[in-house]
Amino acid sequence: MAPKTTEVYIPKYGQTVEEVKIVQWLAEDGAEIKKGQEILEIETDKTTFFVEAEGAGFLHRGPYEVGQTVPVLEVVALIGPQDIKFKAGTVGGEATETTESKTSNEEREIASAEATAAPAAETKTFASPRARKLAGERHVDLAQVTPTGGGGVRVTEKDVLAYLATAPKATPLAEKLAAESGIDLRKLTGTGPGGKITREDVEAAMRPAMVATEVTEKVPEVPATPAPVVARPSAPSVALPVADVTERIPLKGVRAIIVDRMGTSVHTTARVTLVTEVDATEFVAMRERLKAKVSEAWGFAPGYNDLLALIVAKALRRFPYMNARLAADAIELLGHVNLGMAVDTERGLLVPVIRDADTKTLQQFGAEFRELVDRARKGRSMPDDITGGTFTITNLGMHDIDAFTPVINLPEAAILGVGRIAPKWVYRPESPNAPVLRQMLTLSLVFDHRIIDGAPAARFLQYIKGLIEEPYLMMA
């Protein structure tokens, strides 16, 4: 009996992944495959995955080469009888013989049917679901956004963020009214505070159009000459000085994401940094005692990051305004404390997320954190491992850094930078006339002033400082 034919398709890894790059085929075309065998290695913007065979038979690869970008849910090969072939040119691909191909492409077929049913004369803007969601929340007309996805034809969430980063300042009502009326905010001059565009500015721009509409209704319609199609101007390139370039590192993968998100964060947030020095002597002593008591039983030695993370999680629960994000028309306080912990990897900076960190014990947090870090450094993070954070901690103390100003990990409201713990002579209340040697730590809290004011942010940081200096208060 001939084996049943099954499709090899690109799985949908979470909500943020829209396309992947083929790293390598792990089986030759025509090779006999077992169910569950890894046959393809693919790469997202942050990690790599292996696609397993969901059936047994002979592999018939499609025309997809190493290095090629392929959308999720795309069928890239067939597994079945030896005498069938992958036929290109159809949605997903099909066998030349009658097969019982797995119908796992409903999402793609629905989209294809909707596109066929749409009027041919209608101009359609292609955009990812996340791009459409963000555009709806921020009242952005997708037709005004320059697409970069799918070879320059599909608007992605990154494109909408880039558009917002260069958009003029406007009130939420002005943004909504402009989007509904097709007014380009870039062509308006704001009369509000600091040049912000207001509702009145948008309404003033609408009046000439309204008058023209009234006149047109009274005059017989005259066929208009179609306006010439003008390409959108691209950003001017900067002439670089002549230099001896030893290597060019392409902006792709993790580095491209960092370039985009960090730039967006810097240009769209009102960043303020608070710095405080903390006496971590008792904190260090507690960690040493814990190492001696539980390392063997737990299988790992609890670290400063573990202890600090639980302190921050407790603080976020106590001060919920720090566990927040900015929506189009409101500040949203978040119900779960999902703590991001920045990790340096060969692929670049990744931020694994420990969900509901405020509900976990030190042992639970430490075990989960180490598992996430291990996957991140091996390039095996799942999409859900590195998404959904509500607050981030980044620690450069191991590199002898005392203090620094980290960049807020959007859409979060704040980030905590942690420096090294180092011995320092300081004056204490119990010894005002003679300095004593203490273990000192510097913390840098960077927050978005649009969401949080200075005094509330200071109280949050002060609370963290108090728990580090007297860690037994964590039990209170």
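**Exercise 1. Val 17**

Task: In this predicted model, locate Val 17 between its two flanking strands, decide whether Val 17 is buried or exposed, and list what it touches.

Solution.
1. Val 17 sits in the loop that links strand 1 (6–9) and strand 2 (19–25).
2. The relative accessible area of Val 17 is 6%. Buried means under 20%, so Val 17 is buried.
3. Leaving aside residues up to four places away in sequence, Val 17 touches Lys 12, Thr 44, Val 72 and Pro 383.
4. Thr 44 is 27 residues from Val 17 along the chain, and the two C-alpha atoms are separated by 7.0 Å.

**Exercise 2. Strand 6 and its partners**

Task: Determine how many residues of strand 6 are buried, and describe the pairing of strand 6 with strand 3 and with strand 8.

Solution.
1. Strand 6 covers residues 57–61, and four of these five residues are buried, so the strand is largely enclosed by the rest of the structure.
2. Strand 3 (residues 32–33) pairs with strand 6 in the antiparallel sense, over two bridges. Within this pairing, Glu 32 has Phe 58 as its bridge partner.
3. Strand 8 is also joined to strand 6, by four bridges, and these two strands run antiparallel. Here Phe 58 stands opposite Gly 80.
4. Phe 58 thus appears in both pairings, as the partner of Glu 32 and opposite Gly 80.

**Exercise 3. Two positive phi values and a cis bond**

Task: Compare the surroundings of Leu 73 and Asp 400, which have positive phi, and place the cis peptide bond that ends at Pro 411.

Solution.
1. Most residues other than glycine have a negative phi, and most peptide bonds are trans. The cases below depart from that pattern.
2. For Leu 73, phi is near 75°. The residue belongs to the loop between strand 7 (69–71) and strand 8 (75–80). With a relative accessible area of 12%, Leu 73 is buried.
3. For Asp 400, phi is near 65°. Asp 400 lies in the loop between strand 20 and strand 21. Its relative accessible area is 54%. Exposed means over 50%, so Asp 400 is exposed.
4. The bond from Leu 410 to Pro 411 is cis, and its omega is near 5°. Pro 411 is placed in the loop between strand 20 and strand 21, the loop that also holds Asp 400.

**Exercise 4. The six-stranded sheet**

Task: Give the strand order of the open sheet, identify its edges, and state which helices pack on or lie across its strands.

Solution.
1. The order is 13-22-21-20-16-19, and the pairing is mixed.
2. Strand 13 (271–279) and strand 19 (353–354) each have a single partner strand, so they are the edges, and one side of each has no neighbour in the sheet.
3. Strand 21 (residues 414–428) and strand 22 (residues 431–448) run antiparallel and are joined by twelve bridges. In this pair, Pro 423 stands opposite Gln 439.
4. Helix 7 (residues 281–298) packs on the sheet and touches strand 13, strand 21 and strand 22. The direction of helix 7 makes about 85° with that of strand 22.
5. Helix 8 (residues 304–318) lies across strand 16 (339–341), strand 20 (391–395) and strand 21, at about 150° to strand 20.

**Exercise 5. Helix 8 against helix 9**

Task: Describe the packing of helix 8 on helix 9 by angle and axis distance, then by the residues that meet.

Solution.
1. Two packed helices are described by the angle between their axes and the distance between the axes.
2. Helix 9 spans residues 362–377; it packs with helix 8 at about 120°, with the axes 10 Å apart.
3. Roughly perpendicular covers 65 to 115 degrees and roughly antiparallel begins over 145. The two helices are therefore oblique to each other.
4. Helix 8 passes helix 9 in a right-handed crossing.
5. From helix 8, Asn 305, Asp 306, Leu 307, Ala 309 and Leu 310 take part; from helix 9, Leu 362, Phe 365, Gly 366, Phe 369 and Arg 370.
6. These contact residues divide into six nonpolar, two polar and two charged.

**Exercise 6. Asp 159**

Task: Say in which helix Asp 159 lies and whether Asp 159 is buried or exposed.

Solution.
1. Asp 159 belongs to helix 3 (residues 157–166).
2. The relative accessible area of Asp 159 is 5%, so the residue is buried.
3. Pro 147 is twelve residues away along the chain, with 6.2 Å between its C-alpha atom and that of Asp 159.

Technical notes. Residues are numbered from 1 along each chain as its sequence is written. This is a predicted model: local features need pLDDT of at least 70, side-chain atom pairs count only at pLDDT 80 or more; totals for chains, interfaces and linings use all residues. Side-chain values use heavy atoms; hydrogens and water are left out. Two strands pair if DSSP finds at least two bridges between them. Contact means heavy atoms within 4.5 Å. Axes are lines fitted to C-alpha atoms, for helices over the stretch in contact, and angles run from 0 to 180 degrees between N-to-C directions. Angles under 35 degrees count as roughly parallel, over 145 as roughly antiparallel, 65 to 115 as roughly perpendicular and the rest as oblique. A crossing is left-handed if the near helix is turned anticlockwise from the far one by less than a right angle, and right-handed if clockwise. Ala, Val, Leu, Ile, Met, Phe, Trp, Tyr, Cys and Pro count as nonpolar, Asp, Glu, Lys and Arg as charged, and the others, Gly among them, as polar. Buried means under 20% relative accessible area, exposed over 50%, partly exposed in between (1.4 Å probe, protein chains only).
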